[in-house]
Amino acid sequence: MAGRSNFVFKSNSLRKNIIGISIFLIWVVIWECISIGVGQELMVPSPVSVIIRLYYLMGTVAFWQITATTVFRITIGFLIGCVLGVGLAVITSVSSLLYAFFKPILNIIKATPVASFIILALIWIRGGQIPAFISFLMVFPIIWANVSKGISQTDRNILEMAKVYHLTRTQIVKKIFVHSVLPYFTAAATISMGLAWKAGIAAEVLSTPQFAIGTSIYDSKIYLETVDLFAWSIVVIAMSVILERLIEFLIKRYLPSRDMEL
Amino acid sequence: MNNEFKEIKIENLTANYFEANVFENFNATLPAKGCVCFFGPSGCGKTTLLQIIAGLKAPLSGIVYAENNKQEFIDNTKSNNMKALTILSKSSEINKKKNFLFNISQIGNRENQNKNLLKIAYVFQEDRLIPWLTALENVSLITPKNSAMIWLEKVGLPGEESKYPSQLSGGMKQRVNIARALAFDAPVILLDEPFKGLDDAAKLQIIEILNELKKDRLLLLVTHDQEDISLLADNTICMPLNTSSNV
């Protein structure tokens, strides 16, 4: 029985993969058709030339140096955003006055166009730090809002039980709050990683620091190297997917699981 | 088991539930040993009374305290942030401390907790198990693992200790709830409809354990079931709707 269900699961998964790859290939064909229709590599390069260019770039040391530096900058901003977001959520959960005090600022950060912050950051700080600062600004309010919600949604009945049985603060945090907040944190971290990545690249385009994907995108625009622009854009998309999956993996691997609750 | 006491006194207790008073000026004296059953129709405030005794709910007025053999008192006054019964050093302090609001920073901090706090175990009406912990881990929160294992076996759950609440039936979850309360080794055990969802065999098994435990501690039972009363209770306090009585 187990073998049969395993087989059904595997064939379903294979079917899904085949459908996914087929849809992807159809879109590549559409892209190729548009490229042929337009007839100008400068406007819409063909997928073949983009893949060849990407393959070439990946063979250079500079490519890996640029990609690693960009990932490093954005990850730093992301991590600082996570730490400060969780910290502030804990503080504002304890005091409703502090919650009311910080809420407008965080709402303003969420509502302000990222370009405004990038321009301001260009005035305030050095080029290399701008992408990290911008990715921090993307992550911080989302993590704060979600973790705060997670804390407030913690089951009051379980907290009463903890009180009756004199559980220590450490036990309450470790055994109750961390698990309650985890789904909210995971969702926030995954969403905000994607946003941080996109906003971080935009910040690199505008601040053009040394060794940056954004700077490479900017250069390809200046020198009308559309093939390079497409190739770097593919790198941005691929890295975004990889980082989101990595976050999910790390959370599953290193933070306690709630799977058995369901 | 520690902090012994002679009796628990409930004086002029008034409490409400969603604005409506469930009982007014309720008085009772409860012994240190045996099983006292609070019996009455739904909405008469039985669960509210247990919540006040456990320090989970503040009364509108009145006092609940336990007198110990050294003429000290355990008091549960208007503790609107859920502190359990506290021993006061002198009887005269009861009146002084009637409106004392406890410091919220002490909640959940065992290191700072008043050592005179009376331990009270509570079998909640709902199981209140932590869903992401196994049966054993739920009980182990309050007692060492080997003791938790013993209690789980005693309530008829051998071999189920590694299961999560979602993998247990309603009756099994209730037995984990009971095992946790019994493992707490408290001189007072509050039992709010403790046999809900249990089959007859499991119920009799638990009643046997409780009958043994009541020899040296106080069990406060809330139930609608006459059979539970006949099998377990030594005294019964009938709580009519909107009680204004002395017991």
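# Exercises on a two-chain predicted model

The domain assignment of chain A gives domain 1 (1-39) and domain 2 (45-261). The model is predicted. Work through each task with the structure in view.

**Exercise 1. Describe the build of chain A, from its domains to its secondary structure.**

Step 1. Start with the two domains. The C-alpha centres of domain 1 of chain A and domain 2 of chain A lie 29 Å apart.

Step 2. Take the extent of the chain. The C-alpha trace of chain A spans about 75 × 65 × 30 Å along its principal axes.

Step 3. Count the elements. Chain A has ten helices and zero strands. Along the sequence the pattern reads α-α-α-α-α-α-α-α-α-α.

Step 4. Check burial. Chain A has 262 residues, and 29% of them count as buried.

Step 5. Turn to contacts with a separation of 6 or more. In chain A, residues 24 or more positions apart account for 74% of these.

**Exercise 2. Give the same kind of profile for chain B.**

Step 1. Count the elements. Chain B comes to seven helices and ten strands.

Step 2. Check burial. Of the 247 residues in chain B, 44% are buried.

Step 3. Look at contacts between residues at least 6 apart in sequence. In chain B, 67% of them join residues at least 24 apart.

**Exercise 3. Locate the nonpolar cores and find the helix that gives the most to the largest.**

Step 1. Find the largest core. It has 75 residues. Those with the most contacts inside it are B:Ile53, B:Ile120, B:Tyr122, B:Ala179, B:Leu190, B:Leu220 and B:Leu221.

Step 2. Find the main contributor. Helix α5 (residues 170-183) of chain B gives the most to this core, with seven residues.

Step 3. Look for a separate core. Another one, of 42 residues, lies apart from the largest. Its members include A:Ile66, A:Phe185, A:Ala196 and A:Phe230.

**Exercise 4. Is α5(B) largely enclosed or not, and does its length fit its residue count? Work it out.**

Step 1. Compare lengths. At 1.5 Å a residue, the 14 residues of α5(B) should span 20 Å. The end C-alpha atoms of α5(B) are 20 Å apart, which agrees.

Step 2. Count buried residues. A residue is buried if 20 or more other C-beta atoms lie within 10 Å of its own. Twelve of the 14 residues of α5(B) are buried, so the helix is largely enclosed by the rest of the structure.

Step 3. Name some of them. The buried residues of α5(B) include B:Met172, B:Val176, B:Ile178, B:Ala179 and B:Leu182. Also among them are B:Lys173, B:Arg175 and B:Arg180.

Step 4. Identify the cover. It includes β7 (120-123), α3 (135-140), α4 (145-154), β8 (188-192) and α6 (200-213) of chain B.

Step 5. Step past the helix. B:Asp185 follows α5(B), and its phi is positive, near 55°.

**Exercise 5. Trace the parallel sheet of chain B and say why its edge strands each have a side without a neighbour.**

Step 1. Set the order. Five strands of chain B form an open sheet, β7-β8-β9-β3-β10, and the pairing is parallel.

Step 2. Go to the edges. β7 and β10 (235-238) of chain B each have a single partner strand, so one side of each is left without a neighbour in the sheet.

Step 3. Check the turn between strands. Neighbouring strands of this sheet are turned by 15° against each other on average, direction ignored.

Step 4. Zoom in on one pair. β8(B) and strand β9 (residues 218-223) of chain B pair in the parallel sense over five bridges. Here B:Asp192 stands opposite B:Val222 in β9(B).

**Exercise 6. Find the partners of strand β1 of chain B.**

Step 1. Take β2. Strand β1 (residues 7-17) and strand β2 (residues 20-31) of chain B pair in the antiparallel sense over eight bridges. B:Tyr17 stands opposite B:Ala20 in β2(B).

Step 2. Take β4. β1(B) also pairs with strand β4 (residues 61-67) of chain B, in the antiparallel sense over six bridges. B:Glu7 stands opposite B:Glu67 in β4(B).

**Exercise 7. Examine two residues of chain A with positive phi. Place each and judge its exposure.**

Step 1. Take A:Phe211. Its phi is near 50°, a positive value in a residue other than glycine. A:Phe211 sits in the loop between α8 (169-207) and α9 (213-222) of chain A. It has 17 C-beta neighbours inside 10 Å, so it counts as partly exposed.

Step 2. Take A:Leu224. It has a positive phi of about 55°, although it is not a glycine. A:Leu224 is found in the loop between α9 and α10 (226-254) of chain A. With 9 other C-beta atoms within 10 Å, A:Leu224 is exposed.

Terms used:
Residues numbered from 1 in each chain as written. Chains lettered and ligands numbered in written order. Predicted model: local features only at pLDDT ≥ 70, side-chain atom pairs only at ≥ 80, totals over all residues. Helix = DSSP H or I, 4+ residues; strand = E, 2+ residues; numbered from the N terminus. Contact = placed C-beta atoms within 7 Å. Core = buried A, V, L, I, M, F, W, Y, C linked by C-beta atoms within 7 Å. Domains from an automatic or database assignment. Expected span 1.5 Å × (residues − 1). Pairing = 2+ DSSP bridges. Axes fitted to C-alpha atoms, helices over the stretch in contact; angles between N-to-C directions.
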